[in-house]
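I opened this notebook to record what I looked up in a single structure. The entries follow the order in which I took the topics.

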Amino acid sequence: MTVTLADVAARARVSPATVSRVLNGNYPVAASTRERVLRAVDDLDYVLNGPASSLAAATSDLVGILVNDIADPFFGIMAGAAQTQIGGPGDGSGRAGGEKLAVICNTGGSPERELTYLTLLQRQRAAAVVLTGGAVEYPEHQAAMAAKLAKMADAGTRIVFCGRPPLPQGDALVAALAFDNRGGGRRLTEHLISLGHRRIGYVAGPPERTTTRHRLEGHREALRGAGLGAEAGDAERLTVHGPYDRRSGYEATLDILRRDPTVTAVVAANDTVALGACAAVRDQGLRIPQDISVAGFDDLPFSVDAVPALTTVRLPLFEAGARAGRIAMGKENPPPGGIATIAAELMIRGSTAPPRVG
């Protein structure tokens with residue numbers, strides 16, 4: 001059932017004219033009244049009709065791309081690649097053709113902001129939404145996301161996940177392009193084990209995110225496969241969680257080295273975290289890789305320029321983003337079943353070597 005402006009007015013206990021003033025922002029309204037109206041809009045999930053109000057399922061020329069942090073190359077590369085397929089080029093004449101206006105929505109990793117941006121895109125009747133990166137695994141947030149995306153899909157918005165698995169409930173998406181984070185994490189740790197490492201620290205990302213869980217599961221699968229997972233609870237004791245940033249890598253690595261000075265390798269949640277880990281190792285007077293090996297994940301552009309170059313797991317970020325953009329625009333068919341797992345490739349470089357003997 002379609003929610004009307006009158007429904008919002010009744011819920012907020014104001015006149016329809018007051019609701020219109022709040023939503024249009026063209027007339028002063030008391031702060032308490034404005035808050036009551038906006039709360040009613042959110043509670044009822046009211047979508048403000050624009051120029052296409054006569055068309056129930058009309059969509060605009062707007063496409064939203066949701067990222068956790070546009071300053072993080074992981075998200076910037078995917079968003080930029082998607083935009084190349086969404087925003088142009090046209091026929092070269094300078095006239096608008098079949099392109100859409102791509103808008104980057106930076107959530108800062110906040111589940112609340114993610115839902116807020118989706119609501120704003122819903123009100124603008126976005127033609128498509130591309131959601132990048134790992135998802136938060138709070139059940140209440142997942143349920144809210146599933147409900148929101150289902151309403152958007154019913155209104156004609158194409159939903160594409162890029163770099164994240166599908167939600168456990170709901171089938172509103174057109175496609176989910178998920179990276180093989182678990183397989184990549186397993187192969188990375190297997191590489192270190194094959195070099196002879198047995199005391200391996202792990203700097204993980206935020207525990208509530210799918211990317212964190214899957215990469216950590218791969219790491220621990222490799223430890224168990226080598227008979228190392230149960231040694232004195234090392235898998236737990238030598239794992240430290242934190243944000244996906246350089247400072248976290250630095251502080252967590254110092255913590256790991258304090259917990260166990262015999263550690264010979266550190267695996268980082270991503271390449272940015274790995275840079276912090278490298279700095280911490282050097283600040284302890286240790287050499288990479290002679291004393292401690294360090295490995296990352298994602299194969300971001302700077303990883304090959306680190307000294308020594310960083311062993312990491314390559315994810316085809318640009319290719320995945322471009323594919324997500326094409327699917328969002330209807331230029332490419334979704335994968336069979338709507339879900340595709342994108343392979344991760346191990347990149348062995350100079351930051352890992354066999355542990356020092358003696």
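The entries below cover strand pairing, cysteines and nonpolar cores.

**Entry 1: the model.** I noted at the outset that this is a predicted model.

**Entry 2: strand 4.** I began with strand 4, residues 158–162, and asked how many of its residues are buried. I found 4 of the 5 to be buried, so strand 4 is largely enclosed by the rest of the structure. I then looked up its partners. Strand 3, residues 128–132, pairs with strand 4 in the parallel sense over 5 bridges. Within this pairing I located A128 opposite R158. I followed the chain from strand 3 through helix 6, residues 139–154, to strand 4, and recorded this β-α-β crossover as right-handed. Strand 5, residues 175–179, also runs parallel to strand 4, and 3 bridges join them. Here I found C162 of strand 4 opposite L177 of strand 5.

**Entry 3: cysteines.** I looked for disulfides and found 0 in the structure. I next checked whether C105 is buried or exposed. C105 has a relative accessible area of 4%, under the 20% limit, and therefore counts as buried. C162 is likewise buried, because its relative accessibility is 0%.

**Entry 4: nonpolar cores.** Which residues touch the most other members of the largest nonpolar core? I recorded I65, F74 and F179, in a core of 45 residues. For F179 I listed the contacts beyond four places in sequence: F74, M78, G163, L315, P316, L317, A320 and I342. I also noted a second, separate core of 18 residues, with L257, V263, V266 and V273 among them.

Methods:
Residues numbered from 1 in each chain as written. Predicted model: local features only at pLDDT ≥ 70, side-chain atom pairs only at ≥ 80, totals over all residues. Heavy atoms only, no water. Buried < 20%, exposed > 50% of the residue type's maximum accessible area, 1.4 Å probe, protein only. Helix = DSSP H or I, 4+ residues; strand = E, 2+ residues; numbered from the N terminus. Pairing = 2+ DSSP bridges. Right-handed = clockwise from strand over helix to strand, strands pointing away. Disulfide = S-S within 2.5 Å. Core = buried A, V, L, I, M, F, W, Y, C linked by side-chain atoms within 4.5 Å. Contact = heavy atoms within 4.5 Å.
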